[in-house]
4 protein chains.
Amino acid sequence: MVTDYKYEQLESEKVFKDPVHSYIHVTDRIIWDLIKTKEFQRLRRIKQLGTLYFAFPSAEHSRFTHSLGVYEIVRKMVENFSRYDKWTKDDRLLALCAALLHDVGHGPFSHSFEKIFGTDHETYTKKIILGDTEVNRVLKRVDESFPEAVASVIAHTHENKLIISMISSQIDADRMDYLQRDSYVTGVEYGKFDIDRLLRVMVPSKDEVLIKDSGMHAVEDYLMSRYQMYWQIYFHPVSRGGEVLLTLIFNRAKELYERGYVFKQPPKYLIPFFEKRETVHDYLILDETVMNFYLQEWVEEIDEILNELADRFVNRKLFNYVPFYDGFITYSELESLFEAAGIDPKYFLLTDKYSDMPYDYDRPGSSRQPIHILKESGSIREISAESVVIQAITGLDRSNAKLYYPKEKVMRIKDDTIKKKILNLLNELS
Amino acid sequence: MVTDYKYEQLESEKVFKDPVHSYIHVTDRIIWDLIKTKEFQRLRRIKQLGTLYFAFPSAEHSRFTHSLGVYEIVRKMVENFSRYDKWTKDDRLLALCAALLHDVGHGPFSHSFEKIFGTDHETYTKKIILGDTEVNRVLKRVDESFPEAVASVIAHTHENKLIISMISSQIDADRMDYLQRDSYVTGVEYGKFDIDRLLRVMVPSKDEVLIKDSGMHAVEDYLMSRYQMYWQIYFHPVSRGGEVLLTLIFNRAKELYERGYVFKQPPKYLIPFFEKRETVHDYLILDETVMNFYLQEWVEEIDEILNELADRFVNRKLFNYVPFYDGFITYSELESLFEAAGIDPKYFLLTDKYSDMPYDYDRPGSSRQPIHILKESGSIREISAESVVIQAITGLDRSNAKLYYPKEKVMRIKDDTIKKKILNLLNELS
Amino acid sequence: MVTDYKYEQLESEKVFKDPVHSYIHVTDRIIWDLIKTKEFQRLRRIKQLGTLYFAFPSAEHSRFTHSLGVYEIVRKMVENFSRYDKWTKDDRLLALCAALLHDVGHGPFSHSFEKIFGTDHETYTKKIILGDTEVNRVLKRVDESFPEAVASVIAHTHENKLIISMISSQIDADRMDYLQRDSYVTGVEYGKFDIDRLLRVMVPSKDEVLIKDSGMHAVEDYLMSRYQMYWQIYFHPVSRGGEVLLTLIFNRAKELYERGYVFKQPPKYLIPFFEKRETVHDYLILDETVMNFYLQEWVEEIDEILNELADRFVNRKLFNYVPFYDGFITYSELESLFEAAGIDPKYFLLTDKYSDMPYDYDRPGSSRQPIHILKESGSIREISAESVVIQAITGLDRSNAKLYYPKEKVMRIKDDTIKKKILNLLNELS
Amino acid sequence: MVTDYKYEQLESEKVFKDPVHSYIHVTDRIIWDLIKTKEFQRLRRIKQLGTLYFAFPSAEHSRFTHSLGVYEIVRKMVENFSRYDKWTKDDRLLALCAALLHDVGHGPFSHSFEKIFGTDHETYTKKIILGDTEVNRVLKRVDESFPEAVASVIAHTHENKLIISMISSQIDADRMDYLQRDSYVTGVEYGKFDIDRLLRVMVPSKDEVLIKDSGMHAVEDYLMSRYQMYWQIYFHPVSRGGEVLLTLIFNRAKELYERGYVFKQPPKYLIPFFEKRETVHDYLILDETVMNFYLQEWVEEIDEILNELADRFVNRKLFNYVPFYDGFITYSELESLFEAAGIDPKYFLLTDKYSDMPYDYDRPGSSRQPIHILKESGSIREISAESVVIQAITGLDRSNAKLYYPKEKVMRIKDDTIKKKILNLLNELS
């Protein structure tokens, strides 16, 4: 009986129209059922790119469409890999389910939220798959141990390293989908690479996806796309300015709650998080609809710091920013001046640092394996030993930092000496 | 002083990256200021295509990006039209502001909401432009009468018919943007037409935008794109099923309120609408964040009809549907059977009819003028007299209807005779 | 032995990069061998769109890439159709070979050449497949009767009507490829339709490819694309002006040859055609390289008519044109005036008429069947009975005509009365 | 009078539809007249990518469309640069004409032809502009010295270094067009970069085009596109195999001519080249129509080497190839074995080496300047000092070599010892 469900096919194939992959194809009953669960539908209410819409207005897409896209890429990989035998129906199903569900644990505005409340989307992905959820009930119809198998693929601990590398490695379905999708949605060219060709040159081995020799240039192109997307799009300082605001807002709300502040409308769904006693159920309720509702409510709060920050976020009155490298001018110099001027630096002066490695060859502690090339002779080599371009960018750990502050507030400082000092320092930075 | 602001240019041009127009260019201070108002920023929180994401998952874009797009098209039109003299700085500004603001009065899930609460986005556009709003304050900096001028362009009552026809006619910037944008975002080919060419063949006349003779095929292509987008995308029954649910939910919530039902969490921002005493301020608060928050809350309401409908909407458990033409089988036949089975037809049986004319030549009462062709000889002719294809589709008033119902509920009817009768009738329809 | 070849697969799949289909996939030895024959390679030397590059400079692609594209579409159709059983390996091979070779008999500048020399590309396709050629030798390796089978599919006489309809019907692989390809290459939007979706809604029946009910709009879109491509692209009067010149040139060269004129360099490969005794071998030699070489040589010929016309063709000094409908002004009026002015109307005054039916429901004598829709109920209906748009354009036999003449020559007429009369008549036409 | 022509505008703008730039816009009479000259029309008969169609079948476009594209990019640059004052009508015209004509001196299959016959397209560009040609006559209508000015821009010797850098530098209109165009035509993604953005970040200075700081990533993307196009497309060994054949054919034909061999049909238009006495007129006649005609004729020549090589080229029976690095196995080892086997190594064994620098910072002798970044502060820096990615690829002089030989010929060697030795050596290389 249980096995029946496992291999059950839909009467006729279902498709979703998708601008990146043209169509998403579903033939397995279990995939269809997973998509219909409320935990998966919830991903429609969490934006893929958080606050990036502040910088790129059209970046309005959700984690739902991305998750379908990752599933579709893995579906194609499995289809291609079947040329190289050894691919069982069970492995196929495991790969498809893990692909579909890999992001199911994301919360609203993941990064800033996790920072303040100490939640972690990877932990929640596991909890949602293993807990008392619709997703869990669907997976268990395959067999009691199936949820655990899916969760362990996503957590990198499953014994089938090949499937893990399809979903999470330096050239996986996740990255291939989001680079293409984010590029399509924002309208930039940077994220485009030849995904059909990449899929054609991938060869499954026991422990990982290998790249055929002839595909080396396609990988170079993919890595450069990734590099460009990080520096041109994902790290856009206007978008990060939105995250800075969120971090400050969450911080303030938490501080107010801890102090016993009485909210005009108590943010009931946030309280378990304030009190660090949230359950999976609490977590699942807290999507971006709820979070944005509170943010909009807080525009009318009594607390002036909270209402100013919320107003800035909701109505996009972002902080200004200047490049910042501690040392040249120190944060504490500015901090003291802000304090002297009566502007709380804790909420109105923030540095934000970010960095990315386009390709990470073997940094100690990296959970991602290097990319391996399969030579025609059958030998296997790490890619940066083969490509001068990749060698050039390997381990390149580029970082950058900005200092965010509210310019209008500074301009309104009444003490001219302090004001001038601040403006001079900011000017030296820019 | 006032005039200074009117013609004030930004120090350097600002651009927004846009996937449809490549870039949106802003050089006027007033446009920049309007975009920054909270009423315009609010459009980020209203989806362009309502519930279409139920059928096309990637249809997640907002009225904000569409509004920028309409502005950009009008900006290009004005640039092109300046070849044909007579275009003043004042007319240019009027056209740009009206283009940007033409949708500022939209509310959450416009159609179903307006149907139940009797609000009207055109009226609200006017109220927002003329009322006590940031938009109004920006426009008034040009001159006291400028808000009225902008509002009357949008309301089709301004004396400059040319500008009206640029923003609202059968081939206007509004339609040109949304066909392209919705097509791009959903990934379908239907909505694509050669917008560059259309812009090149447009010639301004005193009262309207004319189309050069040589552009007739481009207009045919545009009208067919429009036709296809309506029937393939906008009228998708799965999306309309989402709207049907919304209509029922709003109806139920209103009925409950009127009956004195006590909501677990009172939907305070809806109450002015229940009581038909809403102000512009109430209207502006009610975006899709707020509306979705209530819908999510209602999943947990005591009232079983409201919580079932809300659950269906939030977790996408849509009604089933069959084609429906009253007469063959009557609605009342089914209605009685539903009642007999204890399923309230008012909330669980709904017909939905929709129709569109791809091109409307001179239907009495149409507020849109026909499209006119400018012949090389200088004479002007209505386009369907020139194009056999357009003639063929002129006045073609195609309509369609569906009957929506919850299949699982029907399957659970205990009285077998009633159940069979219902299933037979539904079967005859499909 | 022979059967071995028939089903022989390449060691590893070969692909051609293609901008329309992304990749062309070849797995069968026989397809690979056919592509390598010199008769198929010759298609690289014949432009797909003849003289269209005069109007659209980038229309420089050959029948070679188009033929690969038709093959690829049929390959995908067969793959899809295999879901509906009954598809044998032999039928698959027959369909693929016929698709690849359907245009192998095209000559240089097909239309004008065929008009003057009475050759016919369909006859030559057959002769090449059945004659003493590399193509024939490859096909015969399957079995002695295989060339005949392939030829009869292309000639519409094979008993397998389904395969015929895949390659040649009102919605076949040939049209699907050329609309997309010509649209891509010229950069116009008109020819774009959703080919993936069309392929998905096609269902094989015994005698033809049917279209699923749900695909009706995709067919509407395809037919409108076809209509637009004909009137906007293929019938562009500048391109047809190039064909007019070719017709005149071939006519003149033939007349000169028949009169015993001595060419500076005898066009030896054309002589068999002048003498109506050409063989398949002669035909295969005569590609556009050879034909263009002669055209370039003729710029230096002694005969003034030939050298003028050749110079006009080679250096794109095209005739002017005006709309022309015999009756209003008669051709003979102008003819007499041209004669009186000493300009030979036979070579310098030509009317060109063209027409197309976007969809041809049941014109007597049409070799193409109507398009049939497969309803969900299983019944089959002709598409114009289902679609108001298609009904509107069915049988629409739009035609147009132009009169071509050399303006500079007219301007240089010394007799002012004649000149004025001609200019007046031309003016009335335009 | 003369000045009138210089600034003469067309009555109405003319456009060419173009798939890369959407439209090419022409408003100046002189540009229109240059396009109509026979020397410019001749570019339709020279392929942009030589023998690349052997590897990428759709690479069939000509230097004509590329030349229009370069003109269009320069036209847009000039339009953008007019924001930064100091741009005179005369400079504009000079830039446009030089852009349009920069490739007018290309001959058939440029590289192989130039190698054997010692012609040089840059020299011929100059000769065509200054010689007795239609192009020269059009240019002279501006003023007697104008042809010299245009030629000196193309030759890098004009005093206006800014205009030179627009047309020929490391980030010029020439490269921007061909990368985009070749990418579009072949259907690969590699050559795509954001040309609109690049144009927006370009700022004219006295001596060159500078790139605004904010455009650094766009330049990185452009340089990586260039790198990928060279290694993935332009250096494709199958395409280079076609050039190898051409080189051998030209060599053989020349040798035969010098030896007094009597051709079946004397290649009259090549004789001036054989005899090193060709004029501009001879050069202009020799386009790819003529050259291909001779190649097709030679398939039937008596000389067995010439007819085999020509047959291979015309019917695409290319040589095989293996990687080759002299030293490991020497060319002379194989040469002796070929000779011993009776296969002339001069015509059947060829090494081909190619290399490219993606960005060339200051190689001595480089005629291309480095790319300079304009910082917000106003200072100017060489780009590799600013970008870690560009630094990584600067001066990277990657090269590669292949050895070409006819496999079937080797397989037919009768002496088994020699054959085995050859096969072993080839095997070690691959």
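**Notebook: how chains C and D meet, and what lies inside**

I began with the pairing of chains C and D: 100% of the interface residues of chain C are also interface residues in chain D, so the copies meet through the same surface. A reminder to myself before going on: this is a predicted model.

*Entry 1, the C–D contact.* I looked up how many residues take part, and found 29 residues of chain C in contact with 29 residues of chain D. Next I asked which elements of chain C each supply at least two residues to the side that touches chain D. They are strand E1 (9–18), helix H3 (38–41), helix H4 (63–81), helix H11 (173–186) and helix H17 (288–298). H17(C) provides the largest share of that side, 5 residues. I then sorted the side of chain C that touches chain D by class and noted 11 nonpolar, 12 polar and 6 charged residues.

*Entry 2, the symmetry.* I checked how chain C superposes on chain D: a rotation of 180° does it, with 0.0 Å of shift along the axis and an RMSD of 0.0 Å. The two copies are therefore related as by a two-fold rotation axis. Which C-alpha of chain C is nearest the axis? That of Thr289(C), at 2.7 Å from the axis.

*Entry 3, the two domains of chain A.* Here I turned to the domain assignment, which gives domain 1 (2–235) and domain 2 (237–355 + 399–429) for chain A. Their C-alpha centres lie 33 Å apart. The contact between them takes 26 residues from domain 1 of chain A and 24 residues from domain 2 of chain A. On the domain 1 side, the elements giving two or more residues are helix H6 (110–117) and helix H7 (121–130) of chain A. H6(A) gives the most, with 6 residues. By class, I have this side of domain 1 down as 12 nonpolar, 8 polar and 6 charged residues.

*Entry 4, the core.* Last, I went inside. The largest nonpolar core has 513 residues, and I wanted to know which of them touch the most other members. They turned out to be Val150(A), Val150(B), Val150(C) and Val150(D). I picked the chain C copy for a closer look: leaving out residues up to four places away in sequence, Val150(C) touches Leu94(C), Cys97(C), Ala98(C), Leu101(C), Ile129(C) and Leu139(C). A general note for the margin: in soluble globular proteins, nonpolar side chains tend to be buried together.

Definitions and conventions. Residues are numbered from 1 along each chain as its sequence is written. Chains are lettered from A and ligands numbered from 1 in the order in which they are written. This is a predicted model: local features need pLDDT of at least 70, side-chain atom pairs count only at pLDDT 80 or more; totals for chains, interfaces and linings use all residues. A nonpolar core is a set of buried Ala, Val, Leu, Ile, Met, Phe, Trp, Tyr and Cys residues joined through C-beta atoms within 7 Å. A residue is buried if 20 or more other C-beta atoms lie within 10 Å of its own, exposed if 12 or fewer, and partly exposed in between; C-beta atoms are placed from the backbone. Two residues are in contact if their C-beta atoms, placed from the backbone, lie within 7 Å. Helices (H or I, at least four residues) and strands (E, at least two) are DSSP runs, numbered from the N terminus. Ala, Val, Leu, Ile, Met, Phe, Trp, Tyr, Cys and Pro count as nonpolar, Asp, Glu, Lys and Arg as charged, and the others, Gly among them, as polar. Copies are superposed by least squares on the C-alpha atoms of residues with pLDDT of at least 70 in both. Domain bounds come from an automatic or database domain assignment.
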